[in-house]
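Me: I'd like to go through this one slowly, beginning with the sheet and then moving to a helix. Can you help me?

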Amino acid sequence: MSGRDQTDRPAVAVVIVNYNRRDWLAECLRSVFAQRVKPDEVIVVDNGSADGSAEMVEEEFGGRVKLVRLAENRGFAGGNNAGARAACAEWLALLNNDAAADPDWLSWMLAE
């Protein structure tokens, strides 16, 4: 990361939108928490899932994830908008729930 370290980079929130993909979401979140450069916030927006996704996030990832529960499926764009509104960080990194991010994904995104 070209002269930057964890402390002098912009604050980053990773936003993940989910709808009924508990299995994918767990793997995705594990990959986010395995990043060499840690995000300042991890936000999961659950689009009204009925498969226990939100409960799994609470049980397995507890206080490490900000969970935004939507009553209905607002789609990918609506979910990302809800995640952006919930974020406090300067930058947003949007990650699909079916992606397992390489451990250097966030550092590459922040590279100058």
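Reply: We can take the sheet and then a helix. This is a predicted model, in which local features need pLDDT of at least 70 and side-chain atom pairs count only at pLDDT 80 or more, while totals for chains, interfaces and linings use all residues. Residues are numbered from 1 along each chain as its sequence is written, and side-chain values use heavy atoms, with hydrogens and water left out.

Me: In what order do the four strands lie in the sheet?

Reply: The order is 3-2-1-4 in an open sheet with parallel pairing, where strands are DSSP runs of E of at least two residues, helices are runs of H or I of at least four, both numbered from the N terminus, and two strands pair if DSSP finds at least two bridges between them.

Me: Which strands are at the edges?

Reply: Strand 3 (66-69) and strand 4 (91-96) are the edge strands, and each pairs on one side only.

Me: Over how many bridges do strand 1 and strand 2 pair?

Reply: Strand 1 (residues 12-18) and strand 2 (residues 41-46) pair over six bridges, and V17 stands opposite V45 in strand 2.

Me: Switching to helix 2, which of its residues are buried?

Reply: They are S53, A54, M56, V57 and F61, with buried meaning under 20% relative accessible area, exposed over 50% and partly exposed in between, for a 1.4 Å probe and protein chains only.

Me: Why do they line one face?

Reply: Seen down the axis of helix 2, they fall within an arc of 160°, so they line one face; the arc is that of the directions from the helix axis to the C-beta atoms.

Me: And what comes just after helix 2?

Reply: There G62 takes a positive phi of about 35°.
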